[in-house]
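Good morning, colleagues. Please take a moment with the sequence and the structure on the screen before I begin.

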Amino acid sequence: MADFSTSIRESGEVSIIDLKGFLDAHTAPTLENNFAQLIKDSKFKIVVNFEDLAYISSAGLGVFMAFIENIRDNKGDIKLTNMSDKVFNIFDLLGFPLLYEIYKNEQEAINKFSGS
Amino acid sequence: MQEAKSLKVKRNLTALVDFSRIINSSIDLEFITNNVLLTCLGKFLATRGLIALKENDKITLRASKGLPSELLNQFPEIEATVNCVDHPELISFMNTAHLKVAEKISASEDCIGIVCLGEKLNKSDYTEDDVEFLNTILNISATAVQNSMVIDELRKVNRQLDSRVQRLSSLFELSKEFGSFNESFRVVKLLVYSILGQFLVQKYAVMLFENDEPDILDSKFDNANLLTLIKKYDLQKTVDSIKKDTLKSHYAELADFGVELIVPMQMQGKTRGLIFLGTRAGSRNYSLSDIEYIYSVGNLAIISLENNRLFLEALEKQKMEEDLLIARDIQRNLLPQTLPEYEKYDIAALNVSSKQVGGDYYDVIPINDEKFYIAIADVAGKGVPASLMMANIQAFLQVICRQDLKIAEATAMINDLVTANSSEGRFITFFWGFINTGTNTFTYVNAGHNPPYLLRGDEIIKLTQGGMIFGVMKTFIPYIFEEVKLQKDDVLILYTDGVSEALNLEFEEYSEERLEKKAKEIMHKSADEILNGIKEDVQIFTQGNLQSDDITMIVIKVR
């Protein structure tokens with residue numbers, strides 16, 4: 001099984017999920033659980049940091065679609081940051097920038113939450 | 001004056017050289033168009049203008065300044081021809097938009113775009129010189145525009161290629177992944193996620209037809225409503241994908257429900273399930289290649305789901321076979337291992353169980369030197385439940401025949417016990433009796449069983465006295481018993497319908513007639529020989545046909 005891990009940090013009321021390794025069909029449940037847990041804890045302001053993510057498959061992308069509605073319904077958002085060009089290219093090809101705010105660095109994304 | 005004019009020319013020239021340098025230093029189409037437009041506006045002090053470029057042989061708006069968007073939306077669709085600037089629709093648009101001049105950008109005689117400019121800030125008209133200068137600017141920019149258009153096109157093609165590659169690698173990955181999950185819900189999740197991620201969809205449903213019944217596996221629609229609509233529109237007959245337009249015209253309620261695309265999941269040409277998708281983000285449509293992709297992913301998933309189902313079925317079957325082995329063991333252990341021996345009675349018994357576990361039972365229970373019971377029963381149904389029922393009967397029998405009860409009363413008691421302990425529809429045909437070796441009498445009760453034969457000389461007496469079959473209801477009409485005086489050479493034959501109803505390949509029954517005929521023919525032989533004679537006769541009759549029911553017989557010959 002491909003290597004993938006996540007960890008969650010807090011910055012004020014924003015939760016930051018760090019992704020590491022390969023996000024594909026096998027590892028997607030880990031991220032699903034992260035989102036599900038955050039929603040359960042009513043933490044809807046989420047920044048996902050892609051700094052250490054090497055690869056994302058379409059199933060991995062689907063995880064983001066599966067939770068966004070619920071999170072936005074609760075006045076929250078998932079903002080994406082620190083993508084490598086390779087990863088960004090996939091997000092871009094599929095049109096994610098239409099739906100998600102994608103930032104170069106994490107602080108920018110966090111600031112957006114406090115600004116709104 | 002002369003000097004002023006030459007200064008103006010010089011300034012114009014410097015500006016042109018500058019412009020040329022800037023514009024040719026870039027391959028960014030947006031930068032170039034922007035620059036051309038701004039240069040023109042600045043040069044002629046115009047407050048509005050637009051630039052439109054050739055795209056698929058049509059002139060398409062690329063950049064504009066000072067024009068409100070509701071006007072821009074009216075920009076006409078015109079062909080990129082040599083005289084495109086004279087197109088009546090363009091002229092009428094220019095009037096509406098207060099645009100004064102239109103000049104084309106040409107590259108080697110071809111029109112690759114147009115520039116339209118609004119009136120000058122000082123309200124003066126465009127002079128011939130102005131138009132000439134405008135053309136000079138456009139001629140300078142033509143090469144840069146064309147080059148950057150080519151590069152733009154290349155970028156687009158590249159992106160399309162990237163997109164294709166991404167889809168192919170996704171499909172490749174998915175085809176590996178689907179096979180690696182053996183839990184159906186994981187397969188469905190993978191299917192859903194890969195489609196959501198690929199097309200930016202939030203509303204979806206995945207359903208299968210299980211034995212023609214729709215079963216929703218995962219959904220963000222209202223399931224109850226969706227099920228109703230699936231049935232209403234008979235969607236199981238869906239062979240091709242149903243797109244937005246068709247949904248609106250033929251499946252209005254689904255369209256109102258938010259469904260924008262239905263893609264069937266097929267296996268061996270049969271629709272086994274459906275994928276429902278809502279709108280895509282950015283209100284983009286599903287293209288043909290999108291639908292093809294979804295179709296491919298869906299079919300990968302259905303194969304995996306079907307494999308999982310077959311695997312579970314195989315497991316279930318294996319478990320059932322194990323159950324049957326246990327049942328058969330129970331059954332075998334219930335039948336008497338040895339038969340009692342009496343001086344005046346020659347006893348033989350036989351049970352050949354069919355491939356499935358049947359519900360036949362027989363017993364020979366010696367009570368003392370002068371008395372023994374014989375019993376034969378056929379429990380409706382097969383398998384474990386029938387075996388357990390048999391075990392019950394045997395236990396009742398073993399206990400009750402030692403209680404010194406009258407046989408008719410004892411029969412009623414067994415029926416009451418069976419009725420109380422059996423589930424609905426589980427009947428038992430039962431025959432039992434005891435032989436008193438001192439008085440040579442056989443006292444029996446027949447509870448709905450095939451009447452046993454008493455062969456005496458040329459005569460066959462059928463032992464029919466008794467009452468109701470076991471397990472239907474509590475005894476309310478008492479059972480009748482009959483006592484038969486036995487004579488030397490009498491032969492008693494007890495059998496189950498597995499004997500008389502054994503089928504040959506033409507689906508003919510062995511029948512009671514054949515049984516009676518054979519029995520008469522060999523009644524002079526020993527009990528064992530009669531038993532085996534009948535068994536072989538049945539086997540010859542059914543030759544080649546699989547034995548479908550148990551064959552059980554007891555033969556007693558009076559010596």
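Between chain B and chain A, the count is two salt bridges. Please bear in mind that this is a predicted model. In one salt bridge, the side chain of A:Asp92 meets that of B:Arg159, at 2.9 Å from N to O. Nine residue pairs are also found in polar contact across the interface of chain B and chain A.

Which elements of chain B give two or more residues to the side that touches chain A? They are helix 5 (128-180) and helix 6 (184-199) of chain B. Helix 5 of chain B gives the most, with nine residues. By character, the residues on this side of chain B comprise nine nonpolar, nine polar and eight charged.

As to extent, chain A and chain B each bring 26 residues to the contact. About 2200 Å² is buried between the two chains, and carbon and sulfur atoms give 56% of that area. Of the area that chain B buries against chain A, 28% comes from B:Tyr193, B:Leu200 and B:Gln202, more than from any other three residues.

I turn now to the fold of chain A. Five of its strands form an open sheet of mixed pairing, in the order 1-2-3-4-5. The edges are strand 1 (4-11) and strand 5 (102-103), each pairing on one side only. Strand 5 runs parallel to strand 4 (residues 77-81), joined by two bridges; A:Ile102 is the bridge partner of A:Leu80.

Helix 1 (residues 28-40) of chain A packs on this sheet, touching strands 1, 2, 3 and 4, and its direction makes about 170 degrees with that of strand 2. Helix 3 (residues 85-93) of chain A lies across strands 3, 4 and 5, at about 115 degrees to strand 3.

Methods: Residues are numbered from 1 along each chain as its sequence is written. Chains are lettered from A and ligands numbered from 1 in the order in which they are written. This is a predicted model: local features need pLDDT of at least 70, side-chain atom pairs count only at pLDDT 80 or more; totals for chains, interfaces and linings use all residues. Side-chain values use heavy atoms; hydrogens and water are left out. Two strands pair if DSSP finds at least two bridges between them. Helices (H or I, at least four residues) and strands (E, at least two) are DSSP runs, numbered from the N terminus. Contact means heavy atoms within 4.5 Å. Axes are lines fitted to C-alpha atoms, for helices over the stretch in contact, and angles run from 0 to 180 degrees between N-to-C directions. Buried area is the accessible area (1.4 Å probe) that two parts lose on being put together, summed over both. A salt bridge is a side-chain nitrogen of Lys or Arg within 4 Å of a carboxyl oxygen of Asp or Glu. A polar contact is a pair of N or O atoms within 3.5 Å; within protein, one must be able to donate a hydrogen and the other to accept it, and residues adjacent in sequence count only if both atoms are side-chain atoms. Ala, Val, Leu, Ile, Met, Phe, Trp, Tyr, Cys and Pro count as nonpolar, Asp, Glu, Lys and Arg as charged, and the others, Gly among them, as polar.
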